[in-house]
Structures are given as C-alpha cells and as structure tokens.
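Thanks for making the time this morning. Please have a look at the sequence and the fold on the screen before I begin.

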Amino acid sequence: MDDELKPWSVTASRISYEDRWIRLRSDDCITADGTVIAPFHVLDYPDWINVIPIMPDGRVLLTREYRHGRGEIIHGLVAGGVERGDSETGDAGLAAARRELREETGYDASTFVKLLTSYPNAASHSNTVTSWLALGLSRAGEPRFDPGEKVELLFADLAAILGDLQSGAVIMQSMHIAALYAAESWLRRRSSET
C-alpha cells in the first residue's frame with residue numbers, strides 16, 4: 001500500500017538553541033509522500049519522572065508550586081528530570097524518582113512501583129515520562145530545593161483529588177493526572193487481591 005504510514009526522512013538537523021534545561025533541534029524533513037517540512041522543531045528534554053507518594057494512612061502527598069509557563073501556583077506531583085548521575089545506580093528513572101522525592105518532600109520510600117511510561121508530547125518532544133508509586137514513606141529530613149524552587153506539600157484523599165480534577169476545581173498537568181489515575185487503578189487492584 002502506498003499510503004502506509006512511514007517515518008519522515010531527515011535531510012538536515014541542527015541545534016538551534018541549547019542550555020542546561022532544554023535543547024531545541026531543528027530538522028529539515030521529507031514525508032513519505034514527498035512533502036518537505038523544514039524546519040520542524042523538536043524539544044530534546046531529558047526523560048522525566050513523576051512520583052505519587054502514598055502516606056501510611058492512605059493519603060496522597062501532592063505539591064503546590066509556582067509554574068511560570070502558566071504564571072500560576074498549581075497542584076501537582078513530585079516530578080523532575082532524569083539527570084546524568086541517576087544512571088550510575090542502575091535504573092536511572094527509579095534513581096531520579098528516589099532523588100526527587102527526597103529533595104522536594106524530605107521523605108524516603110521503602111517501595112517504588114513503576115506504573116506507566118508515556119510520551120509527554122510525541123509530536124514535538126523526544127522524551128518519555130515514567131510515573132512511580134511510592135509506598136512505605138518515612139520522613140528522612142528537610143526538603144532540599146533547587147535554586148528558584150519552592151514547594152508546598154499537601155496531603156489529600158486520592159478519590160477527593162480525582163473528583164476535584166473531574167469537576168474542574170483543580171487543574172494539573174495532564175501527565176500528573178494520568179499518573180494519579182494509574183495509581184488509583186493499581187491500588188484498587190491490590191486491594192481486591194488482598
């Protein structure tokens with residue numbers, strides 16, 4: 001079939017912008033049917049993680065922090081990028097989840113469960129995001145924020161926060177919402193098995 005989906009061909013590629021947070025790659029592409037798309041910009045981020053920490057009493061630990069892209073203080077999950085040093089301990093995503101949980105909340109977890117891996121935006125981002133459920137939480141110390149970072153912690157009932165998301169009372173980034181629903185599904189399955 002001539003109309004089968006096929007990857008584009010890249011005839012040229014250059015880095016248009018790069019700093020410690022992001023790299024913007026500009027590709028000159030030709031589609032399978034010969035259409036030239038140039039430039040097509042791709043955001044090359046490192047892979048991301050997010051963490052759904054579940055307290056011993058069953059509440060979920062959420063964050064509130066200023067997000068400059070929206071210019072708002074927003075509810076969310078513990079989240080961050082996978083850093084180079086994270087790969088030294090084996091599973092870089094798991095190491096990043098442990099590090100971010102400790103840095104943003106001051107908590108450690110005895111168990112991490114990988115819930116799902118997804119694409120933040122496969123149309124223009126090259127990275128993945130992996131969601132982790134953190135269980136067996138214990139206070140390990142004070143948070144250690146990155147420069148410019150300030151995080152408030154909230155403890156919420158998972159069903160209540162999902163209800164607030166559905167009603168529009170709370171708005172979060174979509175990857176965090178997907179992670180919360182994956183956590184709810186995992187916890188429900190585990191509960192029915194025990």
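I will go through the sheet, then the helix on it, and then the nonpolar cores.

Please keep in mind throughout that this is a predicted model.

Let me begin with the sheet, which is an open one built from four strands in the order β7-β4-β9-β8, with mixed pairing. At its edges lie β7, covering residues 78-81, and β8, covering 107-118, each of which pairs on one side only. From one strand to the next, the twist averages 25°. Looking at one pair in detail, β4, which is made of residues 48-53, runs antiparallel to β7 with four bridges between them, and within that pair V51 stands opposite V78 of β7. Helix α1, residues 92-105, packs on this sheet and touches β4, β7, β8 and β9, the last of these being 129-139, while the direction of the helix makes about 130° with that of β8.

Now to the interior: which residues have the most contacts inside the largest nonpolar core? That core has 21 residues, and the ones in question are I52, V60, L62, L115, L133 and L180. At least two core residues come from each of β5 (60-67), β8, β9, α2 (158-167) and α3 (174-193), and α3 gives the largest share, five residues. If we take L180 as a viewpoint and leave aside residues up to four places away in sequence, we find that L180 touches I52, V60, L62, L77, L158, L162, L165 and M172. There is also a second, separate core, with 16 residues, and among them are A92, W132, A134 and L137.

Definitions and conventions
Residues numbered from 1 in each chain as written. Predicted model: local features only at pLDDT ≥ 70, side-chain atom pairs only at ≥ 80, totals over all residues. Heavy atoms only, no water. Pairing = 2+ DSSP bridges. Axes fitted to C-alpha atoms, helices over the stretch in contact; angles between N-to-C directions. Contact = heavy atoms within 4.5 Å. Core = buried A, V, L, I, M, F, W, Y, C linked by side-chain atoms within 4.5 Å. Buried < 20%, exposed > 50% of the residue type's maximum accessible area, 1.4 Å probe, protein only.
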